Amino acid sequence: MAAAADAARAAQLREEIARLDHHYYVLDQPLVPDAEYDRLYQELAALEALHPELIAPDSPTQRVAGAPAAQFQPLRHAVPMLSIRTETDHSEGGAVNFDQRVRRQLELDADAPAVEYLAELKFDGLAVNLRYEQGRLVSAATRGDGETGEDITANVRTLRGIPLRLHGTAGDVLEVRGEVLLYRADFERLNARMRGAGEKEFVNPRNAAAGSLRQLNAAVTAQRPLKFFAYGLGEVSGWALPPTQAGVLEALSACGLPVCAEHRLCRGAAELAQFHAEVGARRAALPFDIDGVVYKVNQIALQQRLGYVTREPRWAVAHKYPPQEAVTRVLDIEVQVGRTGAVTPVARLAPVFVGGATVTNATLHNEDEIRRKDVKIGDWVSVRRAGDVIPEVVATLTHRRDGSERAFIMPEQCPVCGSAVVRSADEAVARCTGGLFCPAQRKQALLHFASRRAMDIEGLGDKLVEQLVDAAVVATPADIYKLGLLALANLERMAEKSAANVLAAIAASRHTTLARFIYALGIRNVGETTAKDLARHFGKLDALMDADAERLQQVPDVGPVVAQSIAQFFGEPHNREVVEQLRAAGVQWEEHEPSALPGPGPLAGKTFVLTGTLPNLERERAKALIEAAGGKVSGSVSKKTHYVVAGADAGSKLAKAQELALHVLDEAGLLALLGVQETK
């Protein structure tokens, strides 16, 4: 007899699984990831296998999960819609286990030929049954409890992928089993619309598909881009049943029903395991979610011979992949500072195995996302990891709270450098303002500072900056001007001649323009054009550094967001200190008295796009001439483009200009427009 503890645990598991089933199948509100549900189910199955007297008629192991919702009319299945057994061994052993079980039940000895199987995908959607009579769709139902489902005929009729009349001869009755699902891209677009309308977003594509299909108003379902894949049969009458599962799929496709092309005939366990591995390797690239593959004995006669056990066919199994979602606890929430200064909250988790690896951290993206998902320190959460994607918290299991949880508060100072952390009105991301000083942003700041359109220090690229920072030789842009030949020559793959060339480029960069210097500082939202406008307007760096947001907005095209970024940058003492160090190192430029921008040039208000190679003018020279005349240079062609200047080997931009009937100029035409004599 079962011990009292085992009996109590079995009763507890039955109650918990029933509650999860109700939320998942009936309410379309999953409370836990599939892996957590499977763990509970397997524990109950193991207890019942050990103590058969614990098996109750209402046990989840004795029936298909789910029940028809009260708001839909019930529709009884002529042939029960059973679920299939899950193989939780994620390795090739799962295929071996199934093959050995089939061979044993078919009483095949070791020398008998390999069993032929059809391997298919295990879609993560909503199972439905379509009933056709005389080739016409007469009803559609969800799985429900396996015996009775929900009548969703009106909604299914709105799915364009499901034919209302089958092609060819479909017999008296043909029931088609399949899956309704939502592609990931469509899911993202749907959630974006829900957000825009202020409505609750869906948790995942499966939840969205189920919620879309089980609408009381079929017009809502019609607006959702649901897909359907057929994979099996229910009741069949007057229709020639093919002898194999592969033949069934071919016949269904010939009837005009969508059938997923991702299936393969396999012989024996080794080929099943190979299919499982190959699909797993490109799982993330599929347009829809799957959580495993399905193996089915291909010969229908052998399926009938193997039969069923309890609620499952003996001739099929679902071979799952390592769970992409798992449940764990948030031990703390800290922040990381990225290369661009973005301050990202990160959940420190109790270790959990998910997506094939042990996860201890998960991104929370930003403060708004934490509020939206209602994540607190101490919460139980669902964590997702797919392939090499950074783990993220998917949802909070608020029903497991005990009152000890604490809210997260975004820090006001950068944990790396102590500079202020600010968030612009137009951004969800908070950022550290210590751009030139913050160690977390060091490499990015140096690379931008040395880039061609900034200080133009040739040779100071990714690999060299990486070495200089990692060796603690350079910490801020000012340290670049303290470098000596010996320090550079001693670095890996840096010969004396290369080091000398870099030092020469550094020396040459000391003489620059105010616009280039402003751009080189890497101020958030300040590009080349804005840097030029600021240099022209203020004339002197000190005047720019001391300007408040109101004064900054007097510069054309500088709005509140850009003005705030500039004021915050120069309001940070660390950044001012680095600027003074650069001046002390001999970095200089010509200055003039602060003044308004000059009057409009002949090309004021005109937008140009440059494409191809001009005969004499270099791209930067042409751009400078256009801007000096008051015009703007854009990188893309649109209806707002006034002129496209095309040289040799002009490509898609020229084609787009011709398509939009825009003015296309050659170099001579541009110079004539500028009033500049043609160069030779």
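Helix H6 (residues 205-213) is a good place to start, as this helix is mostly covered: nine of its nine residues are buried. The model you are looking at is a predicted one. The buried residues of H6 include the charged-looking entry Arg206 as well as Asn207; the others are Pro205, Ala208, Ala209, Ala210, Gly211, Ser212 and Leu213.From the end of that list we can step to Thr221, a residue of helix H7 (residues 218-222). Thr221 touches Ser212 and Leu213, both of which are among the buried residues of H6. Setting aside residues up to four places away in sequence, Thr221 also touches Asn155, Thr158, Leu159, Gln215 and Leu226. Is Thr221 buried or exposed? Its relative accessibility is 1%, so Thr221 counts as buried.

Now let us move to a set of paired strands, with strand E23 (residues 643-646) as our guide. Tyr643 and Val645 point one way from E23, while Val644 and Ala646 point the other way. Residues on both sides of E23 are buried. Which strands pair with E23? One of them is strand E21 (residues 607-611), which pairs with E23 in the parallel sense over four bridges. Here Phe608 stands opposite Tyr643 of E23. Another is strand E24 (residues 663-665), and its pairing with E23 is parallel too, over three bridges. In this case Val645 has Leu665 of E24 as its bridge partner.

The path from E23 to E24 runs by way of a helix: E23, helix H24 (residues 652-659) and E24 make a right-handed β-α-β unit. While you are tracing that unit, pause at Ala661, found in the loop between H24 and E24. Most residues other than glycine have a negative phi. Ala661 has a positive phi, near 60°. With a relative accessible area of 68%, Ala661 is exposed.

A second residue with this kind of backbone angle is His365. Its phi is positive, about 70°, although His365 is not a glycine. Where does His365 lie? Look in the loop between strand E16 (357-363) and helix H11 (367-373). The relative accessibility of His365 is 34%, which is why it counts as partly exposed.

Another partly exposed residue is Tyr308, because its relative accessibility is 49%, and the cut-off for exposed is over 50%. Tyr308 is found in strand E11 (residues 308-309). How far apart are Tyr308 and Ile84 in space? Their C-alpha atoms are 9.9 Å apart, although 224 residues separate Tyr308 and Ile84 in sequence. Apart from neighbours within four places in sequence, Tyr308 is in contact with Leu82, Pro313, Arg314 and Trp315.

We finish with a pair of packed helices. Two packed helices are described by the angle between their axes and the distance between the axes. For helix H12 (residues 442-450) and helix H13 (residues 462-470), the axes come within 10 Å and cross at roughly 135°. H12 and H13 are therefore oblique to each other, and H12 passes H13 in a right-handed crossing. From H12, the contact is made by Arg442, Lys443, Leu446 and Leu447. From H13, the residues taking part are Asp462, Val465, Glu466, Val469 and Asp470.

Methods
Residues are numbered from 1 along each chain as its sequence is written. This is a predicted model: local features need pLDDT of at least 70, side-chain atom pairs count only at pLDDT 80 or more; totals for chains, interfaces and linings use all residues. Side-chain values use heavy atoms; hydrogens and water are left out. Helices (H or I, at least four residues) and strands (E, at least two) are DSSP runs, numbered from the N terminus. Buried means under 20% relative accessible area, exposed over 50%, partly exposed in between (1.4 Å probe, protein chains only). Contact means heavy atoms within 4.5 Å. Two strands pair if DSSP finds at least two bridges between them. A crossover is right-handed if, with the strands pointing away from the viewer, the path from the first strand over the helix to the second runs clockwise. Axes are lines fitted to C-alpha atoms, for helices over the stretch in contact, and angles run from 0 to 180 degrees between N-to-C directions. Angles under 35 degrees count as roughly parallel, over 145 as roughly antiparallel, 65 to 115 as roughly perpendicular and the rest as oblique. A crossing is left-handed if the near helix is turned anticlockwise from the far one by less than a right angle, and right-handed if clockwise.
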